[in-house]
Amino acid sequence: MKIKFTNHLFLKRIGLLKFMMGTFVFLLCSTAFGFNSSNLFSKNTKVHIDKDQLVSIDEVFDLLRDQTDYSFIYQEGLFNDLPKVKLKKGTILANKLFETYFFGKDFKLDIKGKIVGISATMSSNTTQQKFTVSGIVSDSNGQPLPGASIVEKGTSNGVMTDFDGNYSLKVFEENSTLVISYIGFATQEVMVKGQANITITLIESAGALNEIVVVGYGTQRKEDVTGSITSLGSDDFPEGSQQNVQQLMEGKMAGVSISKNSGKPGGSNTVRIRGGTSISASNDPLYVIDGVPISTSSPARQANIGSGGNNYFDQEPVNPLNSINSNDIESITVLKDASATAIYGSRGANGVIVVTTKMGHKGKLTTDFSASTGFSTVSKKLDILSADEYVNLVNELGLPLDDQGARTNWQDEIFTTGLSQDYNLSLSGGGDASRYRGSLGHSTLEGVVIGSEQSITTTSIGINHEVFDGKLAFDLRMNSSLIEASNAPISNNIGGENGTNMLFDAYVFNPTYPIRDESGNFTQYSQFTVNPVSYANEIEDESNTRSLFGNLSTTYKIIKPLSVNVNLGYTHLDIQRNSYIQKLNPLGEGVGGIANKQNTGNSSKLFETTLRYQDFIGLDNDHSLNAIAGYSYQNFTDEGYRISASGFISDEFKWNSLQAANTVNNVSDYKTTNTLISYYGRINYAFKNRYLLTATLRQDGSSRFGDGNKWGTFPSGSVAWRVSNENFFPEENFINDLKLRLSYGVTGNQEIGNLNSITTLGASTTGYLVGGNRLTVVLPQQYANPNLQWEETAQFDLGLDFQLFKGRMFGVFDYYKKNTSNLLLSILVPSPSVVSTQLANVGEVQNSGIEFTLGGDIIKNQNFIWSANANISSNKNEVISLSNESFSTDEILYGELPSTGLTPYSQLISPGLSLGTFYGLKFTGIENGEEQFEDGNQVIGNAMPDFTFGFNNTFGYKNLDLSFNFRGSVGNDVLNLTALNLSYKGILPAKNILRSAVNDGLDRQQRKTYSSRWIEDGSFIRLNNLTMGYTFNVSSESALIAPRIYVTMENLFVITNYSGQDPEVNSDTSGGGVAPLGIDYLAYPRSKNISIGGRIKF
Amino acid sequence: MKSLYNRKWILLLLPFFLLSGCADDLDEELFGVLSPENYYKTEDQALSSVVGVYQRMSGFANYNNAWRSQELGTDEFIVVGRASGGWFSGGSYLEFVTHDVSSENGKNGDAWDEVFGVIGAANAVLQSIEESPEAENLSGPIAEVKALRAYAYFYAMDFWGNVPIVTDARIDQNNLPETSSRSEVFDFVVSEMLSAAVNLPSITEVDRAAYYPRFTKESIYAALATVYLNGEVYSGTEHWNDALEMSNKVINSNGYILEPNFIDNFTGDNYNSKELISSFSIDPSVNAGKNNYVRGALHPLHKLVYNLPFTPANGYNTFEKAFDRYDVNDIRRNYILHGPQTYLNDDPLIDPNGIQLDLIPIGEDPIAALDNEGFRVLKYVPDGQWVGRDANNDVVLMRYSDVLLTKAESLFRIGGGNSTEALGLVNDVRSRSNADPLTALSLQDIEDERSRELLWEGSRRRDMIRFGTFFTGRWKFHTSDTPESRGIYPIPSVQISSNPKLVQNPGY
């Protein structure tokens, strides 16, 4: 008898560290079951599987040998009759692996210390099996699960599913029960009841220990992460709603605050991770898509196409993240603390959002098609006087009345029911060496305001190819998109009477006017008050956004444990914006039509090389070491132009034939570039899986800073202690996983735009005549600031991760404190100066807060599953100082109020206060027809919430599932600037007013005044999303896999005391592309959406 | 085979080493953006910045806030909120009308930005040119910019009185400028203007057409005449002799005449007028400025009269009182639209309801005035050369008739009210417009004549303050005295916030 004796001590291989892992599959047929394996390996011994593979049982033992301190003795060929088993990339407890493997097998174990002898026993499988059950096992998305185990309860009779998730099992009894299990999923029991075909959908178990998360430059097991990160997988995304990356995260992640700036289709969001750190530099997180950081600089530039205070065009920046189809997203990870973000150095201070797109899975071609359609309606209208009420009030006040006899509700005329459609098709599959996935998506979304709609077409391609036994791997991914939008002319910075826009006029336009006169022309009032419906018909504004994000990542495993990766990336975002105002409209009247054509483009080239070292070291593989070192070069180019021309003989020319214009009003043209060169390194070290350490260093060189300050160094370090892996930690404890984390690090912010460190002169469009000749005007634009340097954020984080009740509940708690110094602050330069602001490194801002997430499976049984998670975050922001050695100030005014006649700013930035502090007169009441105030300006509110929360639920009952998601905010104030502008009777009779203003007791002469009267509590709770779905059973012969239909409802209701349209709003009152927090001014209204859809796979 | 591939990783690393060489390449490329080092090599290039200062300054005579601030609150100009919409602007115009401008008034803030924007631009251009290697050859442009800066300071002194005097392009954030008293600003303006005038050419030395509308020696002398005329208001000391001297310098240059036709100073080809001492060129057809007075002042129905391609905005008005100052046969009276309106061929101007448009005096409600309330000034007469909503009439800052009246007033005040020369000067101005000659002269006559001659030319507020009528006079919406402190506007609160060393003017 030939005995196979193996011991890792003398057969030791340099084990590959298998850190890049997905979930894990292991399968086997089963018969008898003879021992309790949980006493074989020590409790936390784990085995890592570095890729999906099909292996023999012998090879499974090789793995166990390599990664544990056990040896195995058995007769060669003992397992020859057994089928190969499928191992899925990931990590598994050795006991679990062994147990799953031996579950129901007819083998006997002889354990002597760390040497295990294995021998065969007699099969007990003798009873007659008389009834065959077959079907398919899939996950909740209908993705088939190959290798799931199906066992007849109370017997050792079982099978596993094949590659397509199909199974067929002969059972002893027609009334027996099947037990279906699959790692990472909740085990399910199903009564056969004589059915020959049973489709089984498994639900993922909460807080799976082996979850792999994407971190900067690589992946990590969640349990090994020492920093503060949060991630979402594609399963967490609601179906059937056209949501972008940011909205997918709404309410789901502690410490990540996401709010829609308005209800515009495809509108922008304000995303703040752990509060705003900066005042003048961007507070947006860095987005990294498939390893390529993208620039978001273009969208703000394209926002403003009008001029001065008369800008009625939509000004919300195009959201570049709309370019990524949510159906193509595999995971979203948010890196929050310095330990996690330091690898992105100078761009990490505001947090990093890492988006990974889907790739193909090994298996036969799978086609996935989904379609949905829905409609949206405006969620709330403002309470404006009806025509009769308006007429009565004007008469009562003795004002001249212009009653045209009609009774028009202008809000009803411009609000509409928006239809939406969404189609997605993806193909994926692959073999051992190559995997592929391609997808096509198309959606159209009509806004709730007439004339606004958006259509998005996306394509994505992912190809993975491995050669030389997996030594060399290529990963190519391309995402491209075309977003075609038609924008309603709604802006947030119109001021006084000489500014107007479609939404404003829908509130104020004389309600006694008919929409059209007898001859069919739009009725018009004056150039200050334009027929709201005429905007939609006589003003065109379209934008076309084309994007391409692509990268080719090549990994070569040089020699274990060393590999090298070269990542070449290219991103391109090109936004065309065209608008035309027809000659007849009062806004284009006299000018002969105004065409505006502009193009803003941003492209970047990325080159990165990363060396990677991963190994277990030490006698018992107690030391795990994972290190990377890399170099990165990224070059960004911004370029574009804008032409505004007027005087067209025909409206037909629009923007397509600018040579037909008789006047060119404005031409501007620009190009800038910037370069970021970086060296970075990171070490992850773990000892006995108990003590974990991460150290990161990144050195960034940026072209944006002055000569002496181009380079910045950003270090971070973190440690974690897995208390639950200690020997003293009781095994039978309701806590089965407990990890403490501590991190500190420094990250930077360089988002200040280009050419800020040098003095520049620039030409302007408007010239000047001398002697009848036109001279070009060149004036200084800004002064040099060669001392400009990095904004630095030092962040401390203390975290706790735990799992309770065998992983049924999980929780994450974090406390953090962030200090941002050398603030890149745009200082208001005292006059006289040719520039109004100057960028300098001034002062310090502090954010501190707590985040808590708790989730788990509340109910989990055969038929019914309820899992839920809740998160709550609280951030406290405080400006510490606004001074440095060359500049000192106590206050900076912020938050522009565009309405003429008002004080120009609504907020104050001052040491001791938080950002978003409203500052102005305190309103005390109305006496003698006049508003009364306390003397002097004071703090009258704060736009920052005390805390925000999200609450997510998923229910499953048989084939039905239901999920919904609440989120909310408490303690944030909103300035209702819309109400302020619609409430003073001085605008009568030319303009209509809010009903609430009629009996407010104010005289008509009362000057429009910004005060605490207009600051409201913006706390709210919103039913963000509710999805109900049904998955059909199909026969195993059917080509179809788990067809599904669903209905999704968004923004079903919001509970709030806020009197405006919606409290969650950030209006860009400055028109500069960045909205101050908490100002509601003529925001595109929010909508309620309902859609129904279905998904089939085959 | 295998060994070959084992070496291939070296190839993969190659770009790493190649690109590492780019590490020092972090300089920013300029792509068409200029810097002082590569510009200002020739006088033409310097001039491109000088005209930028002119362009910014053109708001002093154009439709902007700096101009409105010279006229609002007087008895010849008002902006009323219309019942049909527009121009209420949250009550910000009304604050001017009632002499109750708050430090947070947006129009006052905009005026500050316009005036100090000129000063800031001038400082920046001066510094850039002076740092240029060619600075020695650019003394002309340097003097010109200094003159413009002094002119802007004259406006700042006139509006806000006590303002910071800054001649550096870049303010030291740690050493913010302090407020200088109005009399210190006065001394600064005078000395800067005097020294700048030395280096500027006289109108008699230049090719008038080719040099137009750049400022000459006489532009500055004329400005100085005005500064001195109001010298007592600014400095507390009378400067009548200085005003006289400066007026004489202009007159004695013999570079200017009273144009035979008053209106030739304002028509579309007014650049030919030999009466203009300081003006700003306008030509919207080549995107070089625009004149919006017609758009701002006329009633929507006037569109039909003048065949305008746009609807006028119905904003600017004058009072009945200003209109009533003119003799019936005074030509200047013709440029105030009032009463029943007609087409140019005298056909009645009928509104869609069949009623003839009748411009009536401003009524009692400055918030919701009817569309036909208010008389309108139409000096910048439409000549049909429209580019969109914009006219091409050059805007006038200073005319020869103003200098003549300044001289007349100086003589009158020096002579204690006895000056036949003064009477002659006033009558020269009057007779040009067919107004009956005066037989005797009083201060009131001089004040009224200035109002008649310089209506809506940015002089009235200065004049009324100098004559005291700004505070004690009575006209619509000014029914009681206002304190002397209201002769100065408040410093905008935003400015005090950005420079805490600024001191708010008394009474605010």
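This is a short exchange on the interface of chains A and B and on one sheet of chain A in a predicted model.

Trainee: What makes A:Arg1007 and B:Glu95 a salt bridge?
Mentor: Their side chains meet at 2.6 Å, N to O. The cut-off is 4 Å between a side-chain nitrogen of Lys or Arg and a carboxyl oxygen of Asp or Glu, so the pair qualifies. The count between chain B and chain A is two salt bridges.

Trainee: How many residue pairs are in polar contact across that interface?
Mentor: The rule finds 21, with both residues at pLDDT 80 or more. On the side of chain B that touches chain A, H5(B) gives the most, with ten residues. That side divides into 55 nonpolar, 29 polar and 17 charged residues.

Trainee: How many residues does each chain bring to the contact, and what area is buried?
Mentor: Chain B brings 101 residues and chain A brings 101 residues. The buried area is about 8,100 Å², with 61% from carbon and sulfur atoms. B:Leu26, B:Glu28 and B:Gln173 supply 10% of what chain B buries against chain A, more than any other three residues.

Trainee: Why are E9 and E15 of chain A called paired?
Mentor: They share three bridges in the parallel sense, and pairing needs at least two, so they count as paired. A:Val137 stands opposite A:Ile200 in E15(A).

Trainee: Which sheet holds these strands, and which strands are its edges?
Mentor: The open sheet of chain A has the order E12-E9-E15, with mixed pairing. E12 (166-171) and E15 (200-202) are the edge strands, each pairing on one side only. The twist averages 35° from one strand to the next.

Key. Residues numbered from 1 in each chain as written. Chains lettered and ligands numbered in written order. Predicted model: local features only at pLDDT ≥ 70, side-chain atom pairs only at ≥ 80, totals over all residues. Heavy atoms only, no water. Contact = heavy atoms within 4.5 Å. Buried area = accessible area lost by both parts, 1.4 Å probe. Polar contact = N/O pair within 3.5 Å; in protein donor to acceptor, adjacent residues only side chain to side chain. Helix = DSSP H or I, 4+ residues; strand = E, 2+ residues; numbered from the N terminus. Nonpolar A, V, L, I, M, F, W, Y, C, P; charged D, E, K, R; others polar. Axes fitted to C-alpha atoms, helices over the stretch in contact; angles between N-to-C directions.
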